[in-house]
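Visitor: I am new to this structure. Please take a close look at one part, the place where chain B and chain C meet.

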Amino acid sequence: MIVAVSALGKEKEDVVDLRFGRCNFFHIYNLETGEFKAVENKGNTANEGAGIAASSQIVDENVEVVITGKVGPNAYKILKESSIKMYSSVPIKSIDAVNEFKDSKLNEIVSAGAAHSGLNKQ
Amino acid sequence: MSLNIAILSGKGGTGKTTVSTSLTKLLKSNYVDCDVEEPNGFIFFKPKVVKSQDVTVEYPVIDSSKCTICGECAKVCQFNALCKSKNGIMVFEKLCHSCGACSIVCKNKALTYKERVIGIVEEGFSKDISCMRGVLNVGEPMAVPVIKKLLGNLKTGLNILDCSPGTSCNVITTLLKSDAAVLVTEPSAFGLHDLALSVKLLRKLDIPFGVVVNKYSNQDDTILSYCKSEDINIFGVIPFSREGAVNYSKGNMLLDSDEFKHCFNEIAQNMRGVFLWN
Amino acid sequence: MELVVISGKGGTGKTTISAALSELAEDVVNADCDVDAPNLYLMYKGENIEQENFCGGKKAVIDYNLCIGCGMCEKHCKFDAIKHNKVIDYKCEGCGACAVVCYKNAIKLIDEKTAETYVTKTNYGDNKTKVISRAEMEVGTEGSGKLVTEVRKNAKKHIEGRSIIIDGSPGIGCAVMASLTGCDVCVIVTEPTISGFEDFLRVLAVCEHFGIKPLVCINKFDLNLSMTEEIEKFCNENNFIVAGKVPFDETVMKAINNLKPITYYKESPACTAIINMWLTIKKEINK
């Protein structure tokens, strides 16, 4: 299974970025082979449609599960359409978030948050 | 034959609509409200609207029977309006700039365009004055297509184009159809700062212009000094008056009070002198 | 905490109010998101601790070594941005349709510098520092929305646990949306004029679109008491809190021309009203 985590930095020990569309990096974990890579989020440099660009990248990486803070309406639409599951995490280390997911401790994201509100408290 | 004069300001709230509406009435010209995000001019003219047209923009529609989900359209789109998902191509209309690039790259002829409404343009009359305006629908991010539609329907004669505040795309779109401009400013440090930005823009576009200082008090000389040092024509000043502000708040034109008639006469005369029209 | 001040109509007093609020809130960082006309920093002359070029979009550039002058690009440009084989930069939207149709690959899209972003630090008063993030747009460029996001991002880099007060732009388009999103508190500054009220309603609709319940400030309220009453009535009927009513006060213009925030004139009617408004805003934030 391929899992992506939105992250603030490039290392597994870096903290989960609560934003999806404008997060700094995506950590791509292959849970079968143990492979790990960090890629720069294409949504971060988009003029408009950051959530769309980020989702597009996730689809291209054959990701099956996304772990992030929350997801806006455009990204939610794309990920749902592509049968990619989304889970919500608090700002813990990326690798710890993956372990929480494996232990079924993360809540699934079942609806889109408000647009552009990756850093909102609610 | 038409002569289009844009009334702009850089800083918001200096008095573009105040000046546009009174000038229009004095000169018996046509009034065009190009501030499609927040149009106010009709408050002062209260025209009887006789014509109303939807403003539409194109967006791509995918024929899934022809689409091979190659993703070339999504790749070429600079605005992320198209996205390749696992099961097909998704379209995000509000991000589309209607440029046509996606249809050009599609090898399977799977892309056509539909139209959607983003706003409206209205036309009417107030006594003998032709009034037009554009209104952008709330929630739509792009105002330019509404402004373009409005400017595509200008009447002959003298057109006063009441602009949006600022110096970016909304204002440029209006200026590109303008023969001359009047910069409305106010005598404050903020007014001066933003005036300089607007002057830069007008010079870049090579449009002849002059300045009107609104809410003027003769205690402050900064704008007049700046104009002098930059060799900029001053069309006139409109003194600050609390009564004037109250009248504006009620939707009355300044021209209707005797206090201001001579100001606008002077402004119009100076404009004629600089812009050279009959 | 992020607080944004917007208005719908220009000239209602956003900058005056947001400067005053940030003085009262004391330790905050300012983001001047009125990128077409950034005025806040004029009150705080300091040094630039950060300055960066910002690319808000792309522009088409023709390589004349490869171009054969066939005119296909001009034919396909939907924005009339190519005339006689030359790109008119202020019309070009950076869509790339021309690059796609060019047989000779003579057209490329390049990043266009559309603004400079600054972070300024000013020391003033008794040991106070003010950090302001702003942008100066090249005149005639697009990209306001993304630029606003960048100005906010730069402000966040310097927060060190503090709050941010955002001075928004007039209007209801993409620049305003980018100022609003993700904020905790929104204050709409309006004025008791018919124009102001109509514009207030439109910017209110944008707030609803973003799921934000704004607080309302009626500035220069005593210029038209019946209009003020109408605004208050509307707010009451629709459950919007009028956080403050600020009287028309000539001290405000004096303050602007001396490049000082109105709070410098503590005894002035406007300052007194804004102080009361701040207390109300704080109460609402803490709820």
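Guide: What follows describes the contact between chain B and chain C. This is a predicted model, in which local features need pLDDT of at least 70 and side-chain atom pairs count only at pLDDT 80 or more, while totals for chains, interfaces and linings use all residues. Residues are numbered from 1 along each chain as its sequence is written, chains are lettered from A and ligands numbered from 1 in the order in which they are written, and side-chain values use heavy atoms, with hydrogens and water left out.

In chain B, 58 residues are in contact with 57 residues of chain C (contact means heavy atoms within 4.5 Å). The two chains bury about 4700 Å² between them, 61% of it on carbon and sulfur atoms; buried area is the accessible area (1.4 Å probe) that two parts lose on being put together, summed over both. Of the area that chain B buries against chain C, 15% is supplied by E38(B), V138(B) and F190(B), more than by any other three residues.

E38(B) also forms a salt bridge with R202(C), their closest N and O atoms being 3.6 Å apart. Between chain B and chain C the count is three salt bridges, each a side-chain nitrogen of Lys or Arg within 4 Å of a carboxyl oxygen of Asp or Glu.

By class, the side of chain B that touches chain C has 28 nonpolar, 16 polar and 14 charged residues. Here Ala, Val, Leu, Ile, Met, Phe, Trp, Tyr, Cys and Pro count as nonpolar, Asp, Glu, Lys and Arg as charged, and the others, Gly among them, as polar.
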